[in-house]
Amino acid sequence: MSQKWVIKLENVTISYRVEKPGALRPRSSKIFTPLEGIFLDVLEGEFLSISGPNGSGKTSLLNVMSGVKSPFKGRVSWQEKSFGFVSQDQFLLPELTIAENILLPFYFGKESHEQGSVLDTHDRYGELGQVLETYFARFKIEDILEKRPGTCSIGQQQRALLVRALTMDRKIIFADEPEQNLDSDGRIELLESFLEANREFGKTIVLVTQEHPDVLKRYATRGVKIRDLGLVEIFNSESAA
Amino acid sequence: MFWLFGKRFSFETRKYTSGIILNAGVTALVIAMLVVASSFLSASYRANGQQGPRIFSIMATASTLDLSLDMPRTVNVTCGISDYYPVEKVLLYYSTDFWKSRVSVAGTVLSSNLTGTYYQFTIPLLQVPETYLYFLWANNSVGYFSYADNQHYYYSILVQNENASVPFNAQDPKLLHVIQSMQIGYGNGTTTRNPAPFIYVELNETSPISLVLNGNPSDSWAFTGNRIYNLTLPMDLTVGTNLITLNVDQKRIFSFNFTVIYSPVPLNITSMNFANNSVVYNYMTNMTFSANDLVQAHVTTTGPQVGTWNSTTYATSFTVPWTFGQVYGNYTIGVSINDHYGGSFTETYSVSFQKSEFPWIHVDSPANGSTVVASNITITANFTEACAAVASNLNTTTSTPIIQNVTNVTLPALALMNGWNYIQVNATNLANKTTSVLLRVNQVLYSTNNGSRDLYVVPGGTFHLVVNVTSLVVPNGTLRYALVNSSGLTCYSVSLNITGGELGYYTMKASIPIPLATIDMFYNYTLQFNTTAIIFNEDGQSFHVLVSYLYQDTEGPTVSEEGFSPGVNSITSSNYVTIILDLNDLTGVKNASIEYATNPSLATPTKANMTFTGEPVSNGIGDWVVTLPPYPNSTTVYFKVLMYDVLNNSASFTGSYSVHDVLNPNTDQIIPGVINQTFNKAINGAIGTLIAIMVMILSIFIVIFITINDQNVKREIFRESDRLFTLKHVCELSEKSIRHFYYIEQGLQDLIGYGIGIVMGFVVLAPVFVWIIKITLISWTYNFQTLFFLSYSALGSWVGLLLVLFVLSGLLIKMLQVDRHVAKMGH
C-alpha cells in the first residue's frame, strides 16, 4: 500500500552560522553545512527514526522538517502543519504544574480560541477530561499532574510532553532525542510510549535518536541515518514485509 | 497572559531579589563615592580658603641699636599668634650671615587674651657691628603654617656706631647682600691713636676687594681669592680724619666709605676712687684708674706703707690692690702709664687715710610701737656726722632710696603692710661704718562704724555679717573679725577681702555647725542664736550684735555657667547638642525645663525637661543638662530655660547657638588663602588624584555593570529559549505577543529589582557606607577630618536626580538588550 506523504523534502541543504563568542558581541562566525541535497518523504502514520553521530545535523534536519527553521537551499512541503514536540530540552514551563503545562496551549494561542470554551465549562479539565484521563492513565502520569516539572523524572516529563501533543491532537509528533538523559529502562518505556502513540492513536512520529538500529527496528517502521552529508535508509519494515 | 505572569512572578523570585541586592549595593556604592568625592572637593575648597596661624603685632626692642657701653646683649622680639586650631609651634628664625645659615629660637608665652597669644623671643647680640635679619614662623595642629617675613625683606635689627653720620652697614639691600660683616679699627667714625688699625672684612662669597686710603689707591691693597679678610693697613693713617674706601668687585663694584680719626692726643689718667688731696675714711681693697687709651701702668705708693704694682697688659682701665692696710696717715700715690706708640704720662695723688667712728642715730618720728592708720610712713632722723641714710621695712623687704651725706633727713615714704612692721633705719658714714635702729610700727587698715553691723543666717549653716566700712587706708585688704556667741563657748573667725578701696557695706560669710537635716526649719523661721554675739576686729574694737533674724529665700535659681557640647563654634548639622547649665540657688534647685525653637520669639517651641547631673541630688545645685536634636546647616536655635527652686521661686535664662557645617563664619582670627604654594599644590594634587581615581573606578564599575548586565540578559534569554519555543511552536503565539510578554515581564522585574534595590541602597546601605567612610577617615586623619565636609543628607537632592537618570538609563539599556536577544531568539 502506498502511503501519502505528510512532509516532503526536496533537494534540501542545511547550513547555519557558527559564532565564536565575545565579551559583548560575537567576534567572528563561519558557515557550517551538515546536510546537502536531501530528498525525504515522511509518510502518514509512519514511525520514522533519524539517527546519526553527534553534530551530524539531526536536530537541524528536525527543525527544518518541523518548519522551526528554514532550509539553506531546497524546498520543504507539508500536507498540514499540525506538529507536536517532544525534546531532550525542557519544553515544560517550570513555574506551572504538569497539568497546567499540558493545558497551556488551551489557555492561550490557537487552542484557546478553538477549545477554550470547553475547557472552562466543565469540571477540572472540561470536555477534555475524559480524553486526558485516558492519556494520563495510558502514559502513567496521573500521579504527577499537580507536581512541577522540576520535581518529576526526565521520563515523566517526556511522557507529559507526549501527552500534550496528543491532547492537542497533533498529527505529527517530532521527538528530538527524548531518550537522551534516560536509563535503559526509561528509554524502552519512552519508545514504547511513542510506539503506542503511533499505533494506537495513529500519530506520525519523527524520532531523532542515537539508539542502536537493532533497538529502533522494534519500534520504528523506517530508519534513516545521516552519512556523508546525506541520508541512508538503514531499515524499512514496510518494504521488508 | 497575566495568569502566566502571576505564576512566574511568584516562582522566579531570584530575578528581582538578586536585582534588589545588586542595585542596593550599586546605589550605596555610587552614593558613598559621590559623598566622598564631594567631601574631597570640599576639602580642596577649604584647603584653598584657609591657612595657618595669624602672626601680628611684631615688635622688637629697637630696629637700630647704637654701639654704647650700655648696649643690651640681647634683643627681645614679641608677636601675637592666633588661630582657630591649636597652635603647635611658634619659632623665630634669625640670621647674621644673610641666610647662609639660620638659628631658630622658640617663643615663650607672655600672655593670652581674646586677640591671641603673645610670644617673646630673645636674640643674642653676638658681634658688632652686625645686621640681624629674622622672620617668624608658626604652625597649627591641622598642618598649616604661616610666616611673617616683612614681605620677603625680613625684619631686621641694625647695630651701628652712634656717632656715624652714615650708618656703617646701611641697609641697602644690594650692598647687604654682598658685604656681610666688616669691622675696621674701633668702628666707623671713631677716634684712634693707632695709626695702623686692624681691618676685618667678611663677604657673602669669594670676591676681590681693594682699599683706597684718603683717595690714594695702592696696588698692594688689592686682595683676591678670599671671602674673609684679616688685614692690617700697610700705611699709617694721617693725623685727623682718614677716609678709607672698600671696593668689592662682585658682579658690579660696590664702594663702601668709612672714616677713622687718627688723633695722637696726650695720654691722661683718672682715679676712680679718690681725688688728689682728698681724705679717705674707708678701707678699700682696690684702687681703680682709667686711661684714655690702651696703656700699661706702673703704680708706686709712699707713706706709712710702701708698695709698687705693674700691669702686664695694655688696657684702658686697671685695678691696683690697696696697699695701705689699716695704717692711717698721709700717702703719695704715683701712677705712670705708657701706650703702644711711645706716649707716656705720670700723675701723683696725695691721699690722707683717716680713722672713722660709728655714727649715732636719733629717730624723731614715728615713735617706736606706734599705731599708724596709713598706707606708708615717713621717717625723720638726725645723725652725729654726715651719713648715707636709708630705711627698710623688713616685713615687706622694701627700702627707701639712699640719701647721701646728710646729718638730718626726712626719708621718702616707706610702704607698710597690714599689722606690725619692723623698720630698720641705717646710717653709714664716710668710713663705711654703719649704725642701725629698729622700729616697730603697727598699721591698721580700716575703721568701721560701730552702729552699722548686721548679722543674718542663711540655710546651709552660713551666717552673713554685714559691716559698713567707713574709711580705708589701703585699697585692698582683709577685714578680720571673731564672732563669739554670748555663751562664750563658740568662736568663729571671719574674714573678708576688700578690693578697690570702695567704702560701704561688705558681707562676710562664715560657716556655723548647723546640721543640713535641719536646714528646712530656717525657711521663714526666726533663728535665735543665743541672743547676742560679740564681734571684734583685730584692732581690739568689739561690738555686740543681735543674732536673731528671719531668713526667707525669695529669688529663683541663677545660671553660674553655660556650656555646649560640642563647643558652640563646632556645632554641625549632624550633631546632637547638649546644653549644660550650672544652676545655683540658696535653697536648692527643684527642676528646670527648656523650650527651644528656630525663631527668636520662640513661637511654637519644643519643650523638654533638663536633667540634674550633680551631687547631692537633694538640693539640685550644679549641672543641669538637656540634649537637643540636630538642626540643618545655618540654623540658629533659640532656647529659654525655666528654673524653679525648692520654694517654687522661678527664674528664666535665654540663649542660642548656631549650626555651621563649614567653619563658623563668626569665628574670627581666620585668614583666607594658603600661604605656602608647595603645600597648596601638594594638597590639591593629592585631592585631585583621589577624585580622578574615584571617577575611574566609577567608570570601570559602570562598564562592568553594563557588560555583566548584557551577559546576564544574554544568558537569561538563552535559558529562555525553551520557553520561547513553547510559546511560539506549541502555543503558537505570535512573535509580537512574545516580545510584548517579555517587555512587560522584564520591565516589571527590573522595576522591582531596581526600585526596591535603589530605595534600600539610598535609605539603608548608603548612610551605613558613608558612616563607615567617615569613621575611617576620622580615625586615619586625626584632626585633618575637619577639612572634609562628609554630609550625606546634603547630597540628597542631586544624588536623587542622578539616581533617577541612572535607573532610566539602566532600564533603557535593559530594554534594548532584551529587544535584541528576544528578536534573535524569536527567529
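Which residue follows H5(B), and is its phi positive or negative? To find out, open the model, which is a predicted one, and go to chain B.

**Stop 1: helix H5 of chain B**

Select residues 721–730 of chain B, which form helix H5. This helix is mostly covered, with 8 of its 10 residues buried. Colour the buried ones to see them: B:Asp722, B:Arg723, B:Leu724, B:Phe725, B:Thr726 and B:Leu727, then B:His729 and B:Val730. Now move past the end of the helix to B:Glu732, the residue asked about above: it follows H5(B), and its phi is positive, near 55°.

**Stop 2: a sheet in chain B**

Stay in chain B and select strands E1, E3, E7 and E6, which make up an open sheet in that order, with antiparallel pairing. At the edges are E1 (54–60) and E6 (108–113), each of which pairs on one side only. From one strand to the next, the twist averages 25°.

Next, narrow the selection to E1(B) and E3(B), the latter covering residues 74–82. These two strands run antiparallel and are joined over 5 bridges. One bridge to pick out links B:Met59 with its partner in E3(B), B:Thr78.

**Stop 3: a loop in chain A**

Switch to chain A and select A:Thr97, in the loop between strand E5 (83–87) and helix H2 (98–107). A:Thr97 counts as buried because its relative accessibility is 11%, and the cut-off for buried is under 20%. Show its surroundings, leaving out residues up to four places away in sequence: A:Thr97 touches A:Leu145, A:Glu146, A:Lys147 and A:Arg148.

Notes
Residues numbered from 1 in each chain as written. Chains lettered and ligands numbered in written order. Predicted model: local features only at pLDDT ≥ 70, side-chain atom pairs only at ≥ 80, totals over all residues. Heavy atoms only, no water. Helix = DSSP H or I, 4+ residues; strand = E, 2+ residues; numbered from the N terminus. Buried < 20%, exposed > 50% of the residue type's maximum accessible area, 1.4 Å probe, protein only. Contact = heavy atoms within 4.5 Å. Pairing = 2+ DSSP bridges. Axes fitted to C-alpha atoms, helices over the stretch in contact; angles between N-to-C directions.
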